[in-house]
Amino acid sequence: HGLPKIALTRLLDRPFVSTEYNYTAPNRFRMAGALLTGAAAAAQDWSGVWRFEWTMNTNDATRLDFPVPFHATGFDTPGDPLQLVGEGLFAALFLRGDLAPFRTVAALAISRRAVKESKSAIEPDLKNHPILAAGWRTRIGTLVTDGRAPEGMRTWRYPKALEEDSGQLIAGLPLEPRIAVDRKRGSFAVSTPRTCAVFAEE
């Protein structure tokens, strides 16, 4: 699905931040981490996101004269051309607001009793839930409630929703023309008036 697995751990009635994200070197697809996470954070209207990390070496924090060719190591960003390109895309999509948040919201509704009785079992379910596929069409998160959701919010009831596949869960959700996800080809694209970016495995 490409959407960060923490997306459903968001409580929709509270601010949400991701304190760490990165795709470590020497992964040749590491630039995709910033593109995917930046697009997700923007479209999902998260409150904040932090990269782990800029650098572990204080001497590299503001250094500009990195050797060529540069040997990417671990999570460090300075001097890594792919990570720096991704950083620019992330900033444009999320910080500058080039990708506006989705206008619709959908929630995995969990009762207070289920949270109290099954806390340790719910978290793994949220991180691997097929509802994550809906995250490229609508804002998603978790709503702890024993009653009805706010008007206009689509809901899936936990744990019944676990029995449905992603096709059933996203049926009826509006298509998002600004984002294209092709899981079979391993490609992802974002198109806005100010930023266009494409990632593909091939």
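This passage describes a parallel sheet, a helix and several salt bridges in a predicted model.

The sheet is an open one, in which 3 strands follow the order β4-β3-β5 with parallel pairing. Because β4 and β5 stand at the edges and have a single partner strand each, one side of each is left without a neighbour in the sheet. Neighbouring strands of this sheet are turned against each other by 30° on average, when direction is ignored. On one side, β3 is joined to β4 by 6 bridges, the two strands running parallel, and within this pairing I110 has V144 of β4 as its bridge partner. The pairing of β3 with β5 is likewise parallel and extends over 4 bridges; here A106 stands opposite R154 of β5, while A109 has R157 as its bridge partner in that strand.

Strand β3, which comprises residues 105–110, is largely enclosed by the rest of the structure, because 6 of its 6 residues are buried. In a regular strand, side chains alternate between the two faces of the sheet. Both faces of β3 are covered, with V105, A107 and A109 buried on one side and A106, L108 and I110 buried on the other.

Helix α2 has 15 residues and reaches 20 Å from its first C-alpha to its last, which is close to the 21 Å expected at 1.5 Å a residue. The residues Q83, G86, L89, F90, A92, L93 and F94 of this helix are buried. An α-helix has 3.6 residues a turn, so residues three or four places apart point the same way. The buried residues of α2 pack against α1 and β2, and also against β7 (187–191) and β8 (196–200). At the N-terminal end, α2 is capped by D80, a side-chain oxygen of which lies 3.2 Å from the backbone nitrogen of L82. Just after the helix, G97 takes a positive phi of about 85°.

The residue that caps α2 also takes part in a salt bridge, since the closest N and O atoms of R30 and D80 are 2.8 Å apart, within the 4 Å limit. This pair links distant parts of the chain, 50 residues apart: D80 lies in the loop between β2 (48–49) and α2 (81–95), and R30 in the loop between β1 (17–18) and α1 (31–44). With a relative accessible area of 0%, D80 is buried, and R30 is also buried, at a relative accessible area of 10%.

The model contains 6 salt bridges in total. Side chains of opposite charge can pair when their charged atoms come close. Another of these salt bridges is formed by the side chains of R112 and D146, with a distance of 3.6 Å from N to O. Here, too, distant parts of the chain are linked, as R112 belongs to helix α3 (residues 112–117) and D146 to the loop between β4 (139–144) and β5 (154–157), 34 residues apart. R112 is partly exposed, with a relative accessible area of 45%, whereas D146 counts as exposed at 54% relative accessibility. A further salt bridge joins the side chains of R178 and E176, at 2.6 Å from N to O, and E176 is buried, with a relative accessible area of 14%.

Notes: Residues numbered from 1 in each chain as written. Predicted model: local features only at pLDDT ≥ 70, side-chain atom pairs only at ≥ 80, totals over all residues. Heavy atoms only, no water. Buried < 20%, exposed > 50% of the residue type's maximum accessible area, 1.4 Å probe, protein only. Expected span 1.5 Å × (residues − 1). Contact = heavy atoms within 4.5 Å. Polar contact = N/O pair within 3.5 Å; in protein donor to acceptor, adjacent residues only side chain to side chain. Pairing = 2+ DSSP bridges. Axes fitted to C-alpha atoms, helices over the stretch in contact; angles between N-to-C directions.
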